[in-house]
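Thanks for coming, everyone. I'll walk you through one structure today, piece by piece. Please have a look at it first.

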Amino acid sequence: MDSIRLTGVRAEATHGVLDFEHVEPQPFIVDATMFLDLSEAGASDDLAATVDYGQIAKRIVNVIEGEHVDLIERLATKIADSILLSHRIQRVIVTVHKPKAPIKVPFGDVSVTIERARDPEPAPITAASQAAAAQNPAADGAVVGADGRRPDTPHTAVIAMGGNLGDVEQTLRAAVVAIDGVPGNQVNGISPLYRTAAWGMEPGTPDFLNAVIEVTTTLDAETLLQALQTIESAHGRSRDVHWGSRPLDLDIIDFDGETSADPHLTLPHPRAWQRAFVLAPWADLEPEAMLSGPHGGPVAELLAQTPDRDRIEKVSDSWILGGSVI
């Protein structure tokens, strides 16, 4: 298989086990070898047929400068996960160097190398296969849950997207591509783009851009959440920031209309019913949408009652196609 090798990507961060490593930045250097088929790019001379290694380098830096981890083994894994968000890359080898590691004897470098591959794509779900499963759900030996669903029966998720740092439009477009590229996912609908005033935050805080997408997925809600958090990390989102500015925020708003009080993943999203920047794009995407749960109801009606409904502005119906709309 063909490969692209990117070496010496450098950034400083506070990763490490020792207390002082949590506060004193030190350099981390990353090498990545990405395996993919480059025949189409070689024939067409088209960037879209290969991988933009500038974007890959930026992802690596975003992960290094993102959430603290104790081990460079974990840092290497997070970097590999972010690289594999590019659907063309099938396998990656990542080496993380920690040249200033707190070792008490003379040394030149310490590094960890890992190899990761993209999960195989699940078998496509067709109308014929669904009909056959409905007639005889156990015929192929698949386990059927108490609710009568097979594990590979697709779920429907509504995901809210937003951000206010950097080139947010491009980040949101890249996030849609990444979400669609997660094995088991298919993006079925993309809302218009909204601008939202950063009310309740420091004066001068940049406005947010927001959108909503609908996804069909064979993943369970927890696995989907993990995939979204990996995509956030690849774009520089730190989970330490809950209410402040951020380059990318991805939230599961609804998952098959389920309700769950699990604090790690509450369904539906516990504040969706109050947020015009969620409800307005969702209503545009699906005018008859219903929010489940104790504060649920028709999304269009909930939108009319939100306190921030006058602080949002639709800016584009076609933002996903590229080009700045702001």
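Let's start in the middle of a sheet. M161 stands opposite L250 in strand β9. M161 belongs to strand β5, which covers residues 155-163. Before I go on, a caution: this is a predicted model.

So what does β5 pair with? On one hand there is β9, residues 249-255. Six bridges link β5 and β9, and the sense is antiparallel. Then there is β8, residues 208-217. Nine bridges join β5 to β8, again antiparallel. One pair to find on your screen is H155, which sits opposite T217 of β8.

How many of the nine residues of β5 are buried? Eight of them. The strand is mostly covered.

Now step back for the overall picture. The chain has 326 residues, and 44% of them count as buried. There are eight helices and 12 strands. Take the contacts with a separation of 6 or more: 67% of them join residues 24 or more positions apart.

Next, a helix. Look at α6, residues 221-234. Does its length fit or not fit the expected rise? The helix has 14 residues, and at 1.5 Å a residue it should span 20 Å. Its end C-alpha atoms are 20 Å apart, so the two agree.

Look at the start of α6. D220 caps the N-terminal end. One of its side-chain oxygens lies 3.1 Å from the backbone nitrogen of E222. Now the other end. Just after α6 comes G236, with a positive phi of about 90°.

Which residues of α6 are buried? The list includes L224, L225, L228 and I231. E232 and S233 are on it too. As a reminder, an α-helix has 3.6 residues a turn, so residues three or four places apart point the same way.

On to helix α8, residues 299-304. L302 lies in this helix. Is L302 buried or exposed? Its relative accessible area is 9%, so L302 is buried. Who are its partners? Leaving out residues up to four places away in sequence, L302 touches W273, L279, L291, H295, G296 and G297. Take L279: it is 23 residues from L302 in sequence, yet their C-alpha atoms are 7.5 Å apart.

Now some backbone details. Most residues other than glycine have a negative phi, and most peptide bonds are trans. This model has some exceptions to show you. D45 has a phi near 60°, a positive value in a residue other than glycine. Find D45 in the loop between α1 and α2. D45 is exposed, because its relative accessible area is 74%.

D256 also has a positive phi, about 60°, and is not a glycine. Look for D256 in the loop between β9 and α7. With a relative accessible area of 31%, D256 is partly exposed.

P268 lies in the loop between β9 and α7 as well. A cis peptide bond joins L267 and P268, with omega about -10°.

Last stop: the aromatic rings. How many aromatic pairs does a search of the whole structure find? Zero. But look at F35. R91 lies over the face of that ring, 3.8 Å from its centre.

That's the tour. I'm happy to go back to any of these spots.

Note on methods
Residues are numbered from 1 along each chain as its sequence is written. This is a predicted model: local features need pLDDT of at least 70, side-chain atom pairs count only at pLDDT 80 or more; totals for chains, interfaces and linings use all residues. Side-chain values use heavy atoms; hydrogens and water are left out. Rings of Phe, Tyr and Trp (its six-membered ring) pair if their centres lie within 6.5 Å; planes under 30 degrees apart count as stacked, over 60 as edge-to-face and the rest as tilted. A charge sits over a ring if NZ of Lys or CZ of Arg is within 6 Å of the ring centre and within 35 degrees of the ring normal. Helices (H or I, at least four residues) and strands (E, at least two) are DSSP runs, numbered from the N terminus. Buried means under 20% relative accessible area, exposed over 50%, partly exposed in between (1.4 Å probe, protein chains only). Contact means heavy atoms within 4.5 Å. The expected span of a helix is 1.5 Å times one less than its number of residues. A polar contact is a pair of N or O atoms within 3.5 Å; within protein, one must be able to donate a hydrogen and the other to accept it, and residues adjacent in sequence count only if both atoms are side-chain atoms. Two strands pair if DSSP finds at least two bridges between them.
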